[in-house]
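Thank you for letting me take a few minutes of the meeting. Please have a look at the model on the screen before I begin.

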Amino acid sequence: MLTDVLKQHKAHGRFITFILNNPTIVIGGGLLLVLVLMAAFAPYLGTLDPTAVAPAKRTRAPSVQNWFGTDPLGRDLYSRVLYGARVSLTVGFCVATLASFIGLAIGLIAGFVQWIDNTIMRIMDGMMSIPPILVAIALMAVTRGSVSNVVIAITIAEIPRVSRLVRGIVLTLREQPFIDGAIVSGTRTPMIILRHILPNTLAPLTVQATFICASAMIVESILSFIGAGTPSHIPSWGNIMSDGRALWQVKPYIVFFPAVFLSVTVLAVNMLGDGLRDALDPRMAKRI
């Protein structure tokens, strides 16, 4: 018993060492942490009211008073960009969490209950045949613009990706000897799923969730950019860029700053996902 505990602690130590020595995880996680802290403490980082309109100050270039300049309505861009991070990060994290949980449940059922597998997968295939952005636009067209509706629309579009991933893992695990042994010993199906199947899906599901988070932030920005997402009175990187697109040639900074923040955030999440994939991949674990 003591030997098993020591081996487990040693394995955890090697895993943590691998993560700390992996620059992809460190850089990606560090950037994402900084962005999350900036969004959380936006009111204390020298920002102004992001919705305050000042026509006399419209389209001013970056200065000491307005670090990122002002938009066509005179609103402070620095404040709007920092507050916009809250919307993008919230949408990304919520979509990744909801899509992962719902897709996990669907994938487990489809992979382990054969008589319903074909029906569920044909529905998922039909949903995946339509690009996620088109699904989100169609769903937003029949609802009012709000952050919660954006989250729901993008989540519905992302669920098939997770369900197919989990189903594939379950179908592979079902053929393993330890599953046959559990069935022969009389273990009930729910317990087999919880004890043997579910733990083996968490590693790839975690990696997939990071990519869904990045994709969701991009889709949210596209929806807001075309006016089908977050309402204009709620600052988000998408509608900030939309406000400045007509002035791109003469006032490029209106689009530049939110675009840079969006790009860095998506890059950080993708780097974190790549690093976690390497850390959680059994083939990589042999190198630890």
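I will go through the salt bridges, then a pair of helices, and then a patch on the surface.

This is a predicted model, in which local features need pLDDT of at least 70 and side-chain atom pairs count only at pLDDT 80 or more, while totals for chains, interfaces and linings use all residues. Residues are numbered from 1 along each chain as its sequence is written, and side-chain values use heavy atoms, with hydrogens and water left out.

Let me start with the salt bridges, where a salt bridge means a side-chain nitrogen of Lys or Arg within 4 Å of a carboxyl oxygen of Asp or Glu. By this rule the count is eight. One of them joins D71 to R75, with the closest N and O atoms 2.8 Å apart. Are these two residues buried or exposed? Both D71 and R75 are buried, where buried stands for under 20% relative accessible area, exposed for over 50%, and partly exposed for what lies in between, using a 1.4 Å probe and protein chains only.

R75 also meets D243 in a salt bridge, at 3.2 Å from N to O. This pair links distant parts of the chain, since D243 is in helix 9 (residues 237-244) and R75 is in the loop between helix 2 and helix 3, 168 residues apart. Helices here are DSSP runs of H or I with at least four residues, numbered from the N terminus. D243 has a relative accessible area of 28%, and is therefore partly exposed. Together, D71, R75, R80 and D243 are linked in a network of salt bridges.

Another salt bridge is formed by the side chains of D117 and R167, at 2.7 Å from N to O. Because D117 lies in helix 4 and R167 in helix 6 (residues 147-173), the pair ties together parts that are 50 residues apart in sequence.

D117 brings us to the contacts of helix 4, where contact means heavy atoms within 4.5 Å. Among the residues that meet there are I106 and F112 in helix 3, and I116, D117 and M121 in helix 4.

Finally, on the surface, L33, L37, F41, Y44 and L45 make a nonpolar patch of about 530 Å². Patches are made of residues with over 30% relative accessible area and no salt bridge, with like charges joined within 9 Å and nonpolar side chains (Val, Leu, Ile, Met, Phe, Trp, Tyr) within 5 Å; the accessible areas come from the Shrake-Rupley method with a 1.4 Å probe, and for residues only the protein chains shown count as cover. Y44 sits in the loop between helix 2 (23-40) and helix 3 (77-112), and counts as exposed because its relative accessibility is 67%.

How values were computed. Helix = DSSP H or I, 4+ residues; strand = E, 2+ residues; numbered from the N terminus.
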